[in-house]
Amino acid sequence: MSTYKWLLLSLCLYSVLALAAPTEQEHYIFERLWPTLQQPWHFDRAFDLAVDQQGNVYVTNQSTREVKKFTANGHLIRKWRFGNDTPLDIEIGSENQVYILYTRPIAVGKWRSFTFIRVLNAEGELVCQWGELNEGRYRKCSSALPKPKQTDFLEECSASSFESEDIPDDFLYEIDSETLSVSNDYVYVVNHNNNILQQFTPDGRLVCKWPIQAPIADYPHIHIAVNRHNEVYIAYQNDNRLLQYQLKGKRIKLIQAWDDFNQPKKIAFDRDDNVYVTDRYNHRIARKLYSEDKFEDWFLGESDIPIPSPEEIKSFPLSITTEDGLNIFYSIKALLPDVPEIKRIFEGLFEQSVDFSEKSNRYFLPWAIGIGGQQDNVYVTLASLYNSVQQYHSKSVLDDKLSITEWNNRGSSEGEFYAPFGIARDSQGYLYITDVFNHRVLKFSENGQFIKAWGRIGSAPGDFLIPTGIAVDNADNLYVVDTGNLRIQKLDSNTGEALAQWGGISNPENLPSDPNERLMFILENSEFLFPIDIAIDSQDNLYVLDLLRNNVKKITASGHFSEDFSHSQLGKGKFGARNGELKAPFSLAIDVNNNLYVADTYNHRIQHFTTDGDYVNQWGRQSDDNCRFNVPTSVATDNQGNLYVLDTLEGEDDLSVRGAQIQKFKPNGKQCDFVVRWGEEGSFPGQFANSGNLTVSPNGDKVYLVDTKNNRIQVFKKGFFNGGKAIIVAGGDLDTDLWDFIEAGTKFAYRTLTYQGFTKDSIYYLSHDPKSDDLDNNGQFDDIDAENTKDNLKK
């Protein structure tokens, strides 16, 4: 109870009147999102984690270049990021020092990466860094680090590379690694170029080197772990093998090898020196007891994606198995046009193919593993459709009963999403959203109140397999792009009853069993190959966008495919960059005047067509005005004829993190009138990725965004924030044992305020160090305003 009292005393929140400055330019602000998360469990390329002695969990996110620190139960304590340096691996020292292996691309004639190590204290303060920067001679430490104890096995290697604080003229760091291990307060890395295992002191003094001789064909992509007995385990991911070595002086001896792995990724030890390995494509966590020689299954994963019955699988036209998949992959790829962007999209789609042959573990793809805390809890990152962290609790190492908790941003309960994609608004203001991997459609009020959901995985009327685009006609009937079933379904928006369908395969259970024959049958007989979006004109004609066929099909209000439209520019769908040609279009929209707009994604433009499929105009990257786009993925309109486009921000250079933005403009003949743009990449409220779709209220006062990557819906409203000013004070200092609790509490308060529309401009945040945390991960320390002093609080 005393901890919570301290937290309450450390939080001070109050409001004052804040008036918005007048401006002639339109302005949109974040209003709300749903569903909300208790904690920011958004992970992206979470390729490593570590656990300290108190059970706190550190997770690296390579895409966002940040490290997040959580309590054992998943409450965010703090996070940090160092510019555009990417964290590769992370380990914890004996006194809770945090060792992070970073890489930094630098232009030296041509781009190359430099690898170095940062050492932080438990509060995230930098205390030492050393490595390949500064031409391989970078080393700077601001405080003392633990001195490893000299052990007998190191007697032959006891001569350090240097003893003084200055680096000798003849010494260069040659790390070039993507893995490190910390054991007995020594730091171990493996140089990929020469396959040399190197041992350093915490402050970067070289102690010993060992050439690793291994019966391995492909050395890159390895992971090392060294235990307290100086035994080295190395996972050779490309060769699907795990090797064990023993260090003794200058000698390294191969002890044992195991070859029953399929992409072993990471290795960890518990307090009894038992060995755990994430075996990615065997969908398991393997364990070897220290006294044994054999790895056994410790945990076989399961996926929360709904899995159909074997009978249902036969009815899915695009369902393939891993065994057949490679043949189908090359067959389809050979039929695609020679456009790199199209082939890259197809390769990405193939990686997430509709493959149910391996049952529910198909999407359990473990990556990193860490063990720690008083109960030796095991934490694993999963990197598949979405990244997450799973926590495994057991009473003892021999206890087969595991309790599993997952930190993720997805779900299948009422109002939750597993890859939301399409969105539509009816005449009453209700919102309809396709939920791709829950294979359903959800209905909400315009304020985000869940109303009902329809659908299940299947091919019967009203069932779905990967639903994507969605639209509403003049009578508020729903039209859903049922991508995996190659069809369009019409539903009653009140009951979810299936009213009609277009496309699809008749009697799909009778499709040829041979994968190539099956593919050719679909190509020759199906109206659609990969339908992804749909729009409806004022006469209730349907327009369906097919990503892989690269065209649009028109279905008349009477329910027939338009032959005339199929001969138009848009119906033919010629690949190219000239007027009317397309290159991987992702989205389309029709305004109240029946102007048809296509997001021509990899031509970086919006194209304007008539509803007969004829080219009219375009705006895009080559425009001379403000209407410039970069990989636009969604387009929407309002009743005033304004266009809203979701696209990608271009980085200032090749190192910059690319963000996302929404642009609003009004077509004006061959020109366009720019109105406003907003947005940035991230998972904080108001931040988003460039994956998803838009819909807009009729008068344009609200913009609804499907934030697919973050599994949520966000709403932006026209106007300015007038909710007042909030103050957050993280009281105390780093010396208190409660500091982690204080930080977790103030971070929670900050997130709560942002869900209500507050931003860094309307929150006055005091803490021990204004540069200690980048709360919204925009690469700048602009969230904490000042130090937590009485004078600053009085201000």
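User: Hi! I'm new to this one. How exposed is C141?
Analyst: Welcome! C141 is partly exposed, at a relative accessible area of 30%. Do keep in mind that this is a predicted model.

User: Which cysteine is C141 joined to?
Analyst: Its partner is C128, and the S to S distance in this disulfide is 1.9 Å.

User: Where do the two sit in the chain?
Analyst: C128 belongs to strand β9 (residues 126-131), while C141 belongs to strand β10 (residues 138-141). The disulfide links distant parts of the chain, 13 residues apart.

User: And C128, buried or exposed?
Analyst: C128 counts as buried because its relative accessibility is 1%.

User: How many disulfides are there?
Analyst: The count comes to two disulfides. Besides the one we just discussed, a disulfide joins C627 to C672, with S to S at 1.6 Å.

User: What's the handedness of the C627 and C672 link?
Analyst: That link is right-handed, with 130° about the S-S bond. C627 lies in the loop between β41 (615-620) and β42 (634-637), and C672 lies in strand β45 (residues 671-678). The two are 45 residues apart.

User: Are those cysteines buried or exposed?
Analyst: Both C627 and C672 are buried.

User: Switching to charges. How many salt bridges does the structure hold?
Analyst: There are 32 salt bridges. As background, side chains of opposite charge can pair when their charged atoms come close.

User: Which residue does R228 pair with?
Analyst: R228 forms a salt bridge with D273, and their closest N and O atoms are 2.8 Å apart. R228 is in the loop between β15 (222-226) and β16 (231-236), and D273 is in the loop between β19 (264-269) and β20 (275-279), so the salt bridge ties together parts that are 45 residues apart in sequence.

User: Why does D273 count as buried?
Analyst: D273 is buried because its relative accessible area is 6%, and the cut-off for buried is under 20%.

User: What about D297, which residue is its partner?
Analyst: D297 forms a salt bridge with R284, the closest N and O atoms being 2.6 Å apart. This pair also links distant parts of the chain: D297 is in strand β22 (residues 296-300) and R284 in strand β21 (residues 284-288), 13 residues apart. D297 counts as partly exposed at 47% relative accessibility, whereas R284 counts as buried at 7%.

User: Which residue does K68 meet in a salt bridge?
Analyst: The side chain of K68 meets that of E66, at 3.8 Å from N to O. K68 is buried, with a relative accessible area of 1%, and E66 is buried too, at 4%.

User: Which residues are linked in a network of salt bridges?
Analyst: E26, K664 and K718 are linked that way.

User: Last topic, sheets. What is the strand order in the open one?
Analyst: Four strands form that open sheet, in the order β1-β48-β47-β46, and the pairing is antiparallel. Its edge strands are β1 (28-34) and β46 (694-696), each pairing on one side only. From one strand to the next, the twist averages 20°.

User: How many bridges join β46 to β47?
Analyst: Three bridges join them, with β47 covering residues 702-707. As for individual partners, T695 has Y704 in β47 as its bridge partner.

Technical notes: Residues are numbered from 1 along each chain as its sequence is written. This is a predicted model: local features need pLDDT of at least 70, side-chain atom pairs count only at pLDDT 80 or more; totals for chains, interfaces and linings use all residues. Side-chain values use heavy atoms; hydrogens and water are left out. Two strands pair if DSSP finds at least two bridges between them. Axes are lines fitted to C-alpha atoms, for helices over the stretch in contact, and angles run from 0 to 180 degrees between N-to-C directions. A salt bridge is a side-chain nitrogen of Lys or Arg within 4 Å of a carboxyl oxygen of Asp or Glu. Buried means under 20% relative accessible area, exposed over 50%, partly exposed in between (1.4 Å probe, protein chains only). A disulfide is a pair of cysteine sulfur atoms within 2.5 Å.
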